[in-house]
Amino acid sequence: AILKPKPLWTGKQVFSLIIPPGINYERRSGWHEDSDQKDMSSGDTQVKIENGELLTGTLCKKSLGSSSGGLVHVIWMDHGPNMARLFLNHVQTVVNYWLLQ
């Protein structure tokens, strides 16, 4: 992140704060091209979370949604419904804060 003239956080760092620890997740964003089979994509379309830290990727409805394989579904299955509820609550708090800035 940026340290000077004042400390600033990246979106990935902020989002990593609300992902429960122990979550490991890999998925491609909705606009990922099927022809791109590399480990890292230039469009940041391959979402990778290790131990609750968002390393790469852009989160979208496909990667976040509650459908099978989405991050909400993974949190529900790994940590239970209460942790999924807390995660959704924290996501909404971050979005509300961002919208009001």
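Start with the surface of the whole protein chain. About 7100 Å² is exposed, and carbon and sulfur atoms supply 58% of that area. Keep in mind that this is a predicted model. Of the 101 residues in the chain, 31% count as buried.

**Overview**

Switch to a cartoon view. The protein chain has four helices and three strands. Follow the chain along its sequence and the pattern reads α-β-β-β-α-α-α. Now consider the contacts in the chain with a separation of 6 or more. Residues 24 or more positions apart account for 50% of these.

**The sheet**

Select residues 25-28, which are β1. Add residues 46-50 for β2 and residues 53-56 for β3. Together the three strands form an open sheet in the order β1-β2-β3, and the pairing is antiparallel. Which are the edge strands? They are β1 and β3, and each of them pairs on one side only. Look at the strand directions next. Neighbouring strands in this sheet are turned by 20° against each other on average, with direction ignored. In general, the strands of a sheet pair through backbone hydrogen bonds, in parallel or antiparallel fashion.

Zoom in on β1 and β2. Four bridges join this antiparallel pair. Pick tyrosine 25 here. Opposite it in β2 stands isoleucine 49.

Stay on isoleucine 49 and turn to β3. Leucine 54 in β3 stands opposite isoleucine 49. The strands β2 and β3 run antiparallel too, and three bridges join them.

**The hairpin turn**

Move to the link between β2 and β3. How many residues lie between these two strands of the hairpin? There are two. Select asparagine 51, which sits in the turn. The phi angle of asparagine 51 is positive, at about 50°.

**The salt bridge**

Show the side chains of lysine 48 and glutamate 50. They meet in a salt bridge, at 3.3 Å from N to O. A search of the whole structure finds one salt bridge. Side chains of opposite charge can pair when their charged atoms come close. Are these two residues buried, exposed or partly exposed? Lysine 48 has a relative accessible area of 29%, so it counts as partly exposed. Glutamate 50 is partly exposed as well, because its relative accessible area is 40%.

**Helix α4: methionine 83**

Leave the sheet and select residues 81-100, which are helix α4. Pick methionine 83 within this helix. With a relative accessible area of 30%, methionine 83 is partly exposed. Which residues is methionine 83 in contact with, leaving aside its neighbours within four places in sequence? They are Pro20 and Ile75. Next, draw a distance from methionine 83 to valine 72. The two are 11 residues apart in sequence. In space they are 9.5 Å apart, C-alpha to C-alpha.

**Helix α4: leucine 100**

Now go to leucine 100, which also lies in helix α4. Is leucine 100 buried or exposed? Leucine 100 has a relative accessible area of 75%, so it counts as exposed.

Add Val95, Trp98 and Leu99 to the selection and show the surface. With Leu100, these residues make a nonpolar surface patch of about 500 Å².

**Last look**

Return to the full cartoon and colour three stops. Mark the strands of the open sheet, β1-β2-β3. Mark the salt bridge between lysine 48 and glutamate 50. Finish with the nonpolar patch made by Val95, Trp98, Leu99 and Leu100.

Conventions
Residues numbered from 1 in each chain as written. Predicted model: local features only at pLDDT ≥ 70, side-chain atom pairs only at ≥ 80, totals over all residues. Heavy atoms only, no water. Pairing = 2+ DSSP bridges. Axes fitted to C-alpha atoms, helices over the stretch in contact; angles between N-to-C directions. Patch = residues over 30% accessible without salt bridge, like charges linked within 9 Å, V, L, I, M, F, W, Y side chains within 5 Å. Areas by Shrake-Rupley, 256 points an atom, 1.4 Å probe, with all protein chains shown as cover. Salt bridge = Lys/Arg side-chain N within 4 Å of Asp/Glu carboxyl O. Buried < 20%, exposed > 50% of the residue type's maximum accessible area, 1.4 Å probe, protein only. Contact = heavy atoms within 4.5 Å.
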